[in-house]
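Visitor: I would like to take a close look at one part of this structure, and I would be glad of a connected account rather than a list.

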Number of protein chains: 2
Amino acid sequence: MSQKNEFDLIRDYFAPLAKDSGALGLQDDAALYSPTVGHELVLTTDTIIEGVHYLPDTQPDKIAAKLFGVNISDLAAKGATPKACLLNFAPHKNVSEDWIAAFAQQVEVALSTYHIQLLGGDTVAAPDKAMFSLTLMGEVATGGMIQRAGAKIGDDIFVTGTIGHGFIGLEDAKAGRLSPCRDLFEHPQPPLDFALAAAPYMSAAVDVSDGLLADLWHVCDASVCGMQIDMTAIPFADPAYEDLMTQLNGGDDYQLAFTAPSENHGKLKQFAADQSIQLTKIGHIINRSELVLQDSNGATLKILPTETSSVLKSGFSHFGIKK
Amino acid sequence: MSQKNEFDLIRDYFAPLAKDSGALGLQDDAALYSPTVGHELVLTTDTIIEGVHYLPDTQPDKIAAKLFGVNISDLAAKGATPKACLLNFAPHKNVSEDWIAAFAQQVEVALSTYHIQLLGGDTVAAPDKAMFSLTLMGEVATGGMIQRAGAKIGDDIFVTGTIGHGFIGLEDAKAGRLSPCRDLFEHPQPPLDFALAAAPYMSAAVDVSDGLLADLWHVCDASVCGMQIDMTAIPFADPAYEDLMTQLNGGDDYQLAFTAPSENHGKLKQFAADQSIQLTKIGHIINRSELVLQDSNGATLKILPTETSSVLKSGFSHFGIKK
């Protein structure tokens, strides 16, 4: 790492970001947090590793943006307001001070954008691959967290934004191409404000990280139901891109997929318009534990629960569903 | 990693440990926690990396024991009762399933010993060095956290257990020797129950992780005071060991160093006896921002604040204080 030791780095780059008194100036081994009365905490944590979750040459600001994006996306899917975080910061031991300054600057942007307090963490030098974990703490009014198990037969299924920009963005980043998909891949924009406003009108929700169908299947699994998806309705990031199933199952989109009774559709559309969020109805919940796809050729495929896992993993390619 | 993917590993090894309903069976991306009314949360997180914080050949149960020990030690120094944790689990991608089972088994022991709920985390395969972070959440009655800034002029300075077993234990581990010091190095035993009982009678506290004098100096710094330490009183793990200063400054002891008014001494001795904890008075707080050492030869050394940092780092060797 730079000439400075970890105490110096914390003092110079992270302590100025930790303005809440509970952070104790980041000079202590622990932090203090006073939960809001009548609220529960929603906790999430995600780790990203160099070469696994981001390409080795990724700039520090993009790494910090990704780290916050993936964690905020988890809270958005719970209808939880982000409040405070702890950062496990393990950059490569040889990074420059400029690298650390750029990372910290993007952390400041995220803290300020989402009104999150940095309460603590730790700083170590990684001997090989850099690794970063963020633990993010949010709040919901007691009993107000959106569960995965809340989907009801007949509920509509919605998705925000576009699907497939995560996968296309990764391809663009690998090829060194600039593109809006790459921007979204490197700097995820989970629809937090929409989620917080619309949460009371959703029955179940999940964020799109593993792939739209795989993530929605978690909701079906927890809710003991199935789903029928209209493939022609999916808001693909690039409908002209050769392999729609790869876009569909690529993941890393950090949009919100959720279920809601039809009578809430108008209200949800209003919240989406208020936040300039694209909202698309893509299917509905069915009472059999099946995944029913109406593909773009108008054909219907039924996939039984025993097949679901392998089908989702293989991206449906053996069903020949390609554009 | 093994043939199983991360979802299989979580289901088979970690989900059975996550018994609290707020963990949502570890099948969700987030967890729910309801704080006790009238209490504040105390949060801490520490990362340990293969080859940095533990030797590469360390057995998985020792790694898990260390991970919990260092974090519980931080809460003990705050007088906070551990409640819940999130685990960022990044073993090397090629570890066996037996390795993971042994790690998880020690996690279960720690959860059960300290009455901690496992609420969530994430599991990734580390491409190179393994890395583990634990975020530990404890509670104190509102306003009841022990601060570092609470030391008062004239307060006595105490330490629990022995000092230097961390350093000697590391040397023993490197040499492949079994010893009680190595046991304590690999399986830290922070005096949590003593700390929780005695907390109301302490004015300031810190856990011994960086080295006794360096850690106590953080208390002096925060409390705007100095300290006089009687070197002959320090409970060295091995008084016959050649270099006492290395024992003193080695760190990794995970004992508690704290200050308290003299009138509390009787009460503190009683709590220590109740918990079979060794408790030693090693000095007192002075009004000048100086570190005054009475060495084992009866000589007195005064170190001024401007010198403290470099002196603590260099282990006093240039003062010639060796046994």
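Visitor: Leaving aside its neighbours within four places in sequence, which residues is D46(A) in contact with?

Guide: In this predicted model, and with neighbours up to four places away in sequence set aside, D46(A) is in contact with residues of two chains: L67(A), V70(A), N71(A), D74(A), F132(A), S133(A) and L134(A) on the one hand, and N88(B) and D122(B) on the other. D46(A) itself belongs to strand β2 of chain A, which runs over residues 39-49.

One of these partners, D74(A), shares an annotation with it, since the unreviewed UniProt entry places a "binding site" on D46(A) and D74(A). The two span 29 residues in sequence, yet no two of their C-alpha atoms are more than 9.3 Å apart, so they gather at one spot. D74(A) sits in helix α2 of chain A, residues 60-76, and is buried, its relative accessible area being 4%. Apart from residues up to four places away in sequence, D74(A) touches T44(A), D46(A) and D207(A), and from the other chain D29(B).

The unreviewed UniProt entry also lists T45(A), D46(A) and D122(A) under "binding site", which leads to strand β4 of chain A (residues 117-123), where D122(A) lies. With a relative accessible area of 10%, D122(A) is buried. Its contacts beyond four places in sequence include L87(A), N88(A) and F89(A) in chain A, together with T45(B), D46(B) and T47(B) in chain B. With N88(A) the side chain of D122(A) also makes a polar contact, side chain to side chain, at 2.9 Å.

In chain B, strand β4 (residues 117-123) holds T123(B), which counts as buried at 11% relative accessibility. T123(B) is 35 residues away from N88(B) in sequence, while their C-alpha atoms are 6.3 Å apart in space; N88(B) has already appeared above among the contacts of D46(A). The contacts of T123(B), again without its neighbours within four places in sequence, are E6(B), I10(B) and F89(B).

The contacts of D46(A) with N88(B) and D122(B) belong to the wider meeting of the two chains, in which 50 residues of chain B are in contact with 50 residues of chain A. About 3900 Å² is buried between chain B and chain A, and carbon and sulfur atoms give 60% of this area. On the side of chain B, the residues that lose the most area to chain A are D29(B), L32(B) and L43(B), together 15% of what that side buries; D29(B) is also one of the residues that D74(A) touches.

Across the same interface there are 23 residue pairs in polar contact. The elements of chain B that give two or more residues to the side touching chain A are β1 (31-33), β2 (39-49), β3 (81-90), β4 and β5 (131-141). Of these, β2(B) supplies the largest share, 10 residues. By residue type, the side of chain B that touches chain A divides into 23 nonpolar, 13 polar and 14 charged residues.

Charged pairs also cross between the chains, and the count between chain B and chain A is 6 salt bridges. In one of them K78(B) pairs with D28(A), the closest N and O atoms being 2.7 Å apart. K78(B) lies in the loop between α2 (60-76) and β3 of chain B, and D28(A) in the loop between α1 (6-14) and β1 (31-33) of chain A, so the pair joins two chains. K78(B) counts as buried at 1% relative accessibility, and D28(A) likewise counts as buried, at 16%.

Another salt bridge is formed by D29(A) and R148(B), whose closest N and O atoms are 3.1 Å apart. This pair, too, crosses between chains, from the loop between α1 and β1 of chain A, where D29(A) lies, to the loop between β5 and β6 (156-160) of chain B, where R148(B) lies. Here D29(A) is partly exposed, with a relative accessible area of 29%, whereas R148(B) is buried, with 7%. These two pairs are not separate, for D28(A), D29(A), K78(B) and R148(B) are linked in a network of salt bridges.

How values were computed
Residues numbered from 1 in each chain as written. Chains lettered and ligands numbered in written order. Predicted model: local features only at pLDDT ≥ 70, side-chain atom pairs only at ≥ 80, totals over all residues. Heavy atoms only, no water. UniProt positions renumbered as here; feature names shortened; annotations may be inferred. Helix = DSSP H or I, 4+ residues; strand = E, 2+ residues; numbered from the N terminus. Contact = heavy atoms within 4.5 Å. Buried < 20%, exposed > 50% of the residue type's maximum accessible area, 1.4 Å probe, protein only. Buried area = accessible area lost by both parts, 1.4 Å probe. Salt bridge = Lys/Arg side-chain N within 4 Å of Asp/Glu carboxyl O. Polar contact = N/O pair within 3.5 Å; in protein donor to acceptor, adjacent residues only side chain to side chain. Nonpolar A, V, L, I, M, F, W, Y, C, P; charged D, E, K, R; others polar.
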